[in-house]
Amino acid sequence: MPRYYKTLQTQRFDDYRYYHQSRINQTLHLISAVIFLVCYALLFKDPAMAGLVGWLAMLTRQTGHFFFEPNGYDHVNDVTNDYKESVKVGYNQTRKIVLLTVWGLVPVALFAFPTLFGLFAEPAGRMDFVRHVGVLWLGVGIGGGLFRVIQLFATQDVSTGLIWAFKVLTDPFHNIALYWKSPLALLRGELIDPTIKHASHWGAEAEDAEAEEATHLT
(Lines give C-alpha, C1' and ligand atoms only; values in the text may rest on other atoms or scores of the structure.)
Protein backbone atom coordinates (compact mmCIF):
# COMPACT_ATOMS: atom_id res chain seq x y z
CA MET A 1 0.00 0.00 0.00
CA PRO A 2 2.75 2.56 0.77
CA ARG A 3 4.13 2.01 -2.75
CA TYR A 4 0.80 2.90 -4.41
CA TYR A 5 0.37 5.88 -2.10
CA LYS A 6 3.89 7.03 -2.97
CA THR A 7 3.11 6.79 -6.71
CA LEU A 8 -0.08 8.81 -6.24
CA GLN A 9 1.74 11.48 -4.27
CA THR A 10 4.53 11.62 -6.85
CA GLN A 11 2.01 12.17 -9.65
CA ARG A 12 0.28 14.90 -7.64
CA PHE A 13 3.52 16.58 -6.62
CA ASP A 14 4.93 16.61 -10.15
CA ASP A 15 1.65 18.04 -11.45
CA TYR A 16 1.75 20.76 -8.77
CA ARG A 17 5.38 21.83 -9.13
CA TYR A 18 5.60 21.59 -12.92
CA TYR A 19 2.17 22.86 -14.00
CA HIS A 20 0.64 24.93 -11.19
CA GLN A 21 3.12 27.68 -10.38
CA SER A 22 0.78 30.53 -11.36
CA ARG A 23 -1.55 31.81 -8.65
CA ILE A 24 -4.08 32.66 -11.38
CA ASN A 25 -3.93 29.08 -12.63
CA GLN A 26 -4.32 27.79 -9.08
CA THR A 27 -7.34 30.04 -8.53
CA LEU A 28 -8.93 28.86 -11.78
CA HIS A 29 -8.30 25.27 -10.69
CA LEU A 30 -10.08 26.02 -7.42
CA ILE A 31 -13.10 27.37 -9.34
CA SER A 32 -12.91 24.40 -11.73
CA ALA A 33 -12.82 21.96 -8.80
CA VAL A 34 -16.04 23.39 -7.34
CA ILE A 35 -17.73 23.17 -10.76
CA PHE A 36 -16.55 19.58 -11.13
CA LEU A 37 -18.22 18.69 -7.82
CA VAL A 38 -21.47 20.01 -9.28
CA CYS A 39 -20.81 17.80 -12.32
CA TYR A 40 -20.34 14.78 -10.03
CA ALA A 41 -23.64 15.56 -8.30
CA LEU A 42 -25.45 15.72 -11.66
CA LEU A 43 -23.77 12.69 -13.20
CA PHE A 44 -26.44 10.07 -12.41
CA LYS A 45 -29.37 12.48 -12.24
CA ASP A 46 -28.87 14.42 -15.49
CA PRO A 47 -25.94 13.15 -17.62
CA ALA A 48 -26.48 15.75 -20.35
CA MET A 49 -26.23 18.62 -17.90
CA ALA A 50 -23.28 16.90 -16.20
CA GLY A 51 -21.49 16.87 -19.57
CA LEU A 52 -22.12 20.59 -20.08
CA VAL A 53 -21.04 21.50 -16.55
CA GLY A 54 -18.02 19.19 -16.69
CA TRP A 55 -16.66 20.84 -19.81
CA LEU A 56 -17.27 24.30 -18.33
CA ALA A 57 -15.00 23.13 -15.50
CA MET A 58 -12.48 21.75 -17.99
CA LEU A 59 -12.33 25.00 -19.97
CA THR A 60 -11.85 26.98 -16.76
CA ARG A 61 -8.99 24.68 -15.82
CA GLN A 62 -7.30 24.68 -19.22
CA THR A 63 -7.52 28.47 -19.52
CA GLY A 64 -5.18 28.63 -16.55
CA HIS A 65 -2.72 26.24 -18.17
CA PHE A 66 -2.67 27.75 -21.65
CA PHE A 67 -2.72 31.46 -20.80
CA PHE A 68 -1.29 31.99 -17.33
CA GLU A 69 1.18 29.21 -16.56
CA PRO A 70 4.84 30.17 -17.28
CA ASN A 71 6.25 28.66 -20.45
CA GLY A 72 9.82 28.02 -21.54
CA TYR A 73 12.60 26.98 -19.22
CA ASP A 74 11.43 26.19 -15.69
CA HIS A 75 13.91 27.90 -13.37
CA VAL A 76 12.02 26.77 -10.27
CA ASN A 77 12.58 23.08 -11.05
CA ASP A 78 15.62 23.58 -13.30
CA VAL A 79 14.14 21.63 -16.22
CA THR A 80 13.07 22.44 -19.78
CA ASN A 81 9.46 22.61 -20.89
CA ASP A 82 10.14 19.72 -23.29
CA TYR A 83 11.27 17.60 -20.36
CA LYS A 84 8.10 18.36 -18.40
CA GLU A 85 5.94 17.53 -21.40
CA SER A 86 7.77 14.23 -21.97
CA VAL A 87 7.38 12.99 -18.38
CA LYS A 88 3.79 14.16 -17.95
CA VAL A 89 1.75 11.13 -16.88
CA GLY A 90 -1.62 12.54 -17.87
CA TYR A 91 -2.54 14.86 -20.71
CA ASN A 92 0.37 17.04 -21.79
CA GLN A 93 -0.22 20.10 -23.97
CA THR A 94 -0.23 18.18 -27.27
CA ARG A 95 -2.73 15.62 -25.98
CA LYS A 96 -4.90 18.41 -24.54
CA ILE A 97 -5.03 20.17 -27.91
CA VAL A 98 -6.21 16.95 -29.55
CA LEU A 99 -8.84 16.38 -26.86
CA LEU A 100 -10.09 19.99 -27.01
CA THR A 101 -10.26 19.77 -30.81
CA VAL A 102 -12.52 16.72 -30.54
CA TRP A 103 -14.60 18.59 -27.94
CA GLY A 104 -14.97 21.57 -30.28
CA LEU A 105 -15.99 19.40 -33.23
CA VAL A 106 -18.90 17.81 -31.34
CA PRO A 107 -21.43 20.67 -31.84
CA VAL A 108 -20.24 21.07 -35.44
CA ALA A 109 -20.93 17.39 -36.11
CA LEU A 110 -24.38 17.62 -34.47
CA PHE A 111 -25.21 20.73 -36.47
CA ALA A 112 -24.36 18.90 -39.69
CA PHE A 113 -25.98 15.60 -38.61
CA PRO A 114 -28.67 16.42 -35.98
CA THR A 115 -29.44 12.76 -35.17
CA LEU A 116 -25.80 11.70 -35.55
CA PHE A 117 -26.78 8.81 -37.82
CA GLY A 118 -29.67 7.68 -35.61
CA LEU A 119 -27.97 7.98 -32.22
CA PHE A 120 -30.39 10.72 -31.14
CA ALA A 121 -33.99 11.57 -31.96
CA GLU A 122 -34.48 14.60 -34.19
CA PRO A 123 -34.12 17.63 -31.89
CA ALA A 124 -37.41 19.43 -31.40
CA GLY A 125 -35.74 22.66 -30.41
CA ARG A 126 -32.53 24.38 -29.38
CA MET A 127 -32.55 22.84 -25.89
CA ASP A 128 -32.66 19.32 -27.33
CA PHE A 129 -29.61 20.17 -29.45
CA VAL A 130 -27.77 21.52 -26.38
CA ARG A 131 -28.59 18.41 -24.35
CA HIS A 132 -27.35 16.15 -27.16
CA VAL A 133 -24.10 18.12 -27.14
CA GLY A 134 -23.89 17.60 -23.38
CA VAL A 135 -24.29 13.83 -23.70
CA LEU A 136 -21.56 13.65 -26.34
CA TRP A 137 -19.26 15.93 -24.32
CA LEU A 138 -19.70 13.59 -21.36
CA GLY A 139 -18.75 10.71 -23.64
CA VAL A 140 -15.69 12.59 -24.89
CA GLY A 141 -14.57 13.26 -21.32
CA ILE A 142 -15.01 9.67 -20.16
CA GLY A 143 -13.58 8.29 -23.40
CA GLY A 144 -10.55 10.58 -23.20
CA GLY A 145 -9.82 9.42 -19.67
CA LEU A 146 -10.21 5.74 -20.54
CA PHE A 147 -8.05 6.15 -23.65
CA ARG A 148 -5.19 7.61 -21.60
CA VAL A 149 -5.52 4.89 -18.96
CA ILE A 150 -5.19 2.21 -21.65
CA GLN A 151 -2.19 4.07 -23.09
CA LEU A 152 -0.55 4.02 -19.66
CA PHE A 153 -1.31 0.30 -19.34
CA ALA A 154 0.55 -0.28 -22.61
CA THR A 155 3.44 2.18 -22.22
CA GLN A 156 4.07 1.93 -18.46
CA ASP A 157 2.09 -0.49 -16.30
CA VAL A 158 -1.40 -1.19 -15.02
CA SER A 159 -0.84 0.35 -11.58
CA THR A 160 0.35 3.66 -13.07
CA GLY A 161 -2.79 3.87 -15.22
CA LEU A 162 -5.16 3.01 -12.37
CA ILE A 163 -3.45 5.39 -9.95
CA TRP A 164 -3.62 8.20 -12.52
CA ALA A 165 -7.35 7.52 -13.02
CA PHE A 166 -7.87 7.70 -9.25
CA LYS A 167 -5.86 10.94 -9.14
CA VAL A 168 -7.98 12.53 -11.87
CA LEU A 169 -11.26 11.55 -10.21
CA THR A 170 -10.14 12.91 -6.83
CA ASP A 171 -8.39 16.02 -8.18
CA PRO A 172 -11.39 18.30 -7.43
CA PHE A 173 -11.20 17.46 -3.72
CA HIS A 174 -7.41 17.69 -3.67
CA ASN A 175 -7.40 20.99 -5.59
CA ILE A 176 -9.80 22.58 -3.13
CA ALA A 177 -7.64 21.50 -0.20
CA LEU A 178 -4.47 22.67 -1.95
CA TYR A 179 -5.53 25.94 -3.57
CA TRP A 180 -8.18 27.45 -1.32
CA LYS A 181 -5.74 30.16 -0.22
CA SER A 182 -4.63 31.02 -3.77
CA PRO A 183 -7.25 33.76 -4.38
CA LEU A 184 -6.06 35.53 -1.23
CA ALA A 185 -2.45 35.29 -2.36
CA LEU A 186 -3.49 36.65 -5.75
CA LEU A 187 -5.21 39.62 -4.12
CA ARG A 188 -1.90 40.37 -2.37
CA GLY A 189 -0.31 40.64 -5.82
CA GLU A 190 1.46 37.27 -5.67
CA LEU A 191 1.45 35.92 -9.24
CA ILE A 192 3.79 32.94 -8.73
CA ASP A 193 3.58 30.51 -5.82
CA PRO A 194 6.86 30.99 -3.89
CA THR A 195 6.42 27.82 -1.83
CA ILE A 196 6.96 25.43 -4.76
CA LYS A 197 10.72 25.98 -4.85
CA HIS A 198 11.05 24.92 -1.23
CA ALA A 199 8.33 22.26 -1.15
CA SER A 200 9.37 18.81 -0.02
CA HIS A 201 8.31 15.73 -1.97
CA TRP A 202 4.78 14.69 -0.97
CA GLY A 203 5.83 11.05 -1.13
CA ALA A 204 8.30 11.54 1.71
CA GLU A 205 5.79 10.35 4.29
CA ALA A 206 5.27 7.10 2.40
CA GLU A 207 9.03 6.64 1.98
CA ASP A 208 9.56 7.15 5.72
CA ALA A 209 6.80 4.70 6.57
CA GLU A 210 8.20 2.11 4.18
CA ALA A 211 11.70 2.53 5.59
CA GLU A 212 10.43 2.25 9.15
CA GLU A 213 8.49 -0.93 8.27
CA ALA A 214 11.61 -2.43 6.71
CA THR A 215 13.61 -1.59 9.84
CA HIS A 216 11.08 -3.36 12.05
CA LEU A 217 11.11 -6.40 9.79
CA THR A 218 14.88 -6.73 10.04
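Visitor: Which residues line the largest cavity?
Guide: This is a predicted model, so local features need pLDDT of at least 70, side-chain atom pairs count only at pLDDT 80 or more, and totals for chains, interfaces and linings use all residues. Residues are numbered from 1 along each chain as its sequence is written, and side-chain values use heavy atoms, leaving out hydrogens and water. On a 1 Å grid over the protein atoms alone, a cavity is a set of points where a 1.4 Å probe fits but can't get out, and lining residues have an atom within 4 Å of a point. That gives Arg12, Asp15, Tyr16, His20, His29, Arg61, Lys167, Asp171, His174, Asn175, Leu178 and Tyr179.

Visitor: Which helix gives the most to that lining?
Guide: Helices here are DSSP runs (H or I, at least four residues), numbered from the N terminus. H1 (2-19) and H7 each supply at least two residues. With six residues, the top giver is H7.

Visitor: How many lining residues of the largest cavity are charged?
Guide: Asp, Glu, Lys and Arg count as charged. Next to three nonpolar and four polar residues, the charged count is five.

Visitor: How far apart are the end C-alpha atoms of H6?
Guide: H6 has 30 residues (126-155). The expected span is 1.5 Å times one less than that number, so it should be 44 Å. The model agrees, at 43 Å.

Visitor: What covers the buried residues of H6?
Guide: Buried means under 20% relative accessible area (1.4 Å probe, protein chains only), and in H6 that includes Trp137 and Arg148. The cover includes H3 (47-67), H5 (93-112) and H7 (158-179).

Conventions
Buried means under 20% relative accessible area, exposed over 50%, partly exposed in between (1.4 Å probe, protein chains only). Contact means heavy atoms within 4.5 Å. On a 1 Å grid over the protein atoms alone, a cavity is a set of points where a 1.4 Å probe fits but cannot get out, and a pocket is an open set with protein on both sides within 12 Å along at least five of seven lines; lining residues have an atom within 4 Å of a point.
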